[in-house]
Amino acid sequence: MAGACLLLLLLKMCGIHTEEETKNPWGWERNDSQVASEDWKQRLPKSIIIGVRKGGTRALLEMLSLHPQVAAAHSEVHFFNMEENYHKGLGWYSQQMPVSQPNQITVEKTPGYFSSLKAPERIHMVDSAMKLLLIVRDPVERLVSDYTQILHNRKARHKPYQSLEQILRRGQELNTRYKAVQRSLYAVHLARWLEFFPRKQIHVVDGGSLIREPLSEMRHVEHFLGLKPYLGPENFYFNQTKGFYCLQARGHQHCLDQSKGRPHPTIDELLLEQLCTYFSEHNENFFAMVGRTFNWC
Ligand code: A3P
């Protein structure tokens, strides 16, 4: 065992990566001489999915991973938004990336970046040409999805929990300080990114449309990233049991895990209306900033 570890370490030090490390989930074939070649290395991302949390960020990353010109970091890295990681430095950050070839672009996704105060400037300092992907979804649906995830985690840890109504109702007022409400204020967060990046460097993906028609959204993403058009109808199939599109390539089929596409609790209609009213002005601001409208509540 110790011998095997030592061998792995030596291979790494020589810039040789093992099959396990270089394999992407879709198993693009590489022969041994390619794997050992100098071309394969860990590179900093050229594109980052910055959010929004519960917007469909995992689906977007997994769909992008189907493209042979994309090398995706499959775990969320939380480099630019968490002090503990940021202070580990750029060397640590690049070690979190998958190995890639020069003709590939590395992509990472950390939805926590979008609402982080420091991430925009920090990313800009690392690469002012970074291509940013922002996937958005009806802010009320996003809030309910966010709450559903928090609820699920609390129940799993046997912690006490409240209904969304209990959290959000303060007499006649809405508790707009709730973090999941704040995270749905897209215009507020986007304003910080636009201080550092021009609008054309941020591609907005419609999360609702990615659910209904993934291929058409992904074609826009391919174009924005300057990738060869590659994805086609054969890469997506609707899974009745999951209730969502799943992915297929090279004989493999894959649906997102069960934490994606969870049933949401029923929320009081009046509260939903109150939320829609509250978000409508923020949504208008967001539409003006991105130069397009979305069919939200
Ligand atoms: P719900 O679980 O509330 O339905 P994120 O990956 O950013 O956490 O986003 C999760 C959301 O992605 C899910 O929210 C789901 O609606 C959405 N989604 C989009 N495409 C999906 C797909 N093909 N399979 C599963 N979930 C998908």
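How far is an oxygen atom of the ligand from an N or O atom in the side chain of His264? In this predicted model, the separation is 2.6 Å.

**View 1. Polar side chains at the ligand.** His264 places a side-chain N or O atom 2.6 Å from a ligand oxygen atom. Taken by itself, the ligand exposes 570 Å², of which the protein buries 96%. Thr57 has a polar side-chain atom 2.6 Å from an oxygen atom of the ligand. For Lys260, a polar side-chain atom and a ligand oxygen atom are 2.8 Å apart.

**View 2. The shell around the ligand.** The ligand is surrounded by 19 residues, and those that come nearest are Thr57, Ser145, Lys260, Gly261 and His264. Sorted by class, the shell consists of six nonpolar, seven polar and six charged residues. The ligand is located in the largest pocket.

**View 3. Secondary structure elements in the shell.** Helix α4 spans 57–65 and strand β11 spans 244–249; each of these elements supplies at least two residues of the shell around the ligand. The element that gives the most is α4, which provides three residues.

**View 4. The disulfide between Cys246 and Cys255.** Cys246 and Cys255 are joined by a disulfide, with an S to S distance of 2.0 Å. The link between Cys246 and Cys255 is right-handed, with 100° about the S-S bond. A search of the whole structure returns two disulfides, and the pair Cys246 and Cys255 forms one of them.

Key:
Residues numbered from 1 in each chain as written. Predicted model: local features only at pLDDT ≥ 70, side-chain atom pairs only at ≥ 80, totals over all residues. Heavy atoms only, no water. Near = heavy atom within 4 Å. Polar contact = N/O pair within 3.5 Å; in protein donor to acceptor, adjacent residues only side chain to side chain. Areas by Shrake-Rupley, 256 points an atom, 1.4 Å probe, with all protein chains shown as cover. 1 Å grid on protein atoms, 1.4 Å probe; cavity = no way out; pocket = protein on both sides within 12 Å on 5 of 7 lines; lining within 4 Å. Sits in = over half its atoms within 2 Å of the grid points. Helix = DSSP H or I, 4+ residues; strand = E, 2+ residues; numbered from the N terminus. Nonpolar A, V, L, I, M, F, W, Y, C, P; charged D, E, K, R; others polar. Disulfide = S-S within 2.5 Å.
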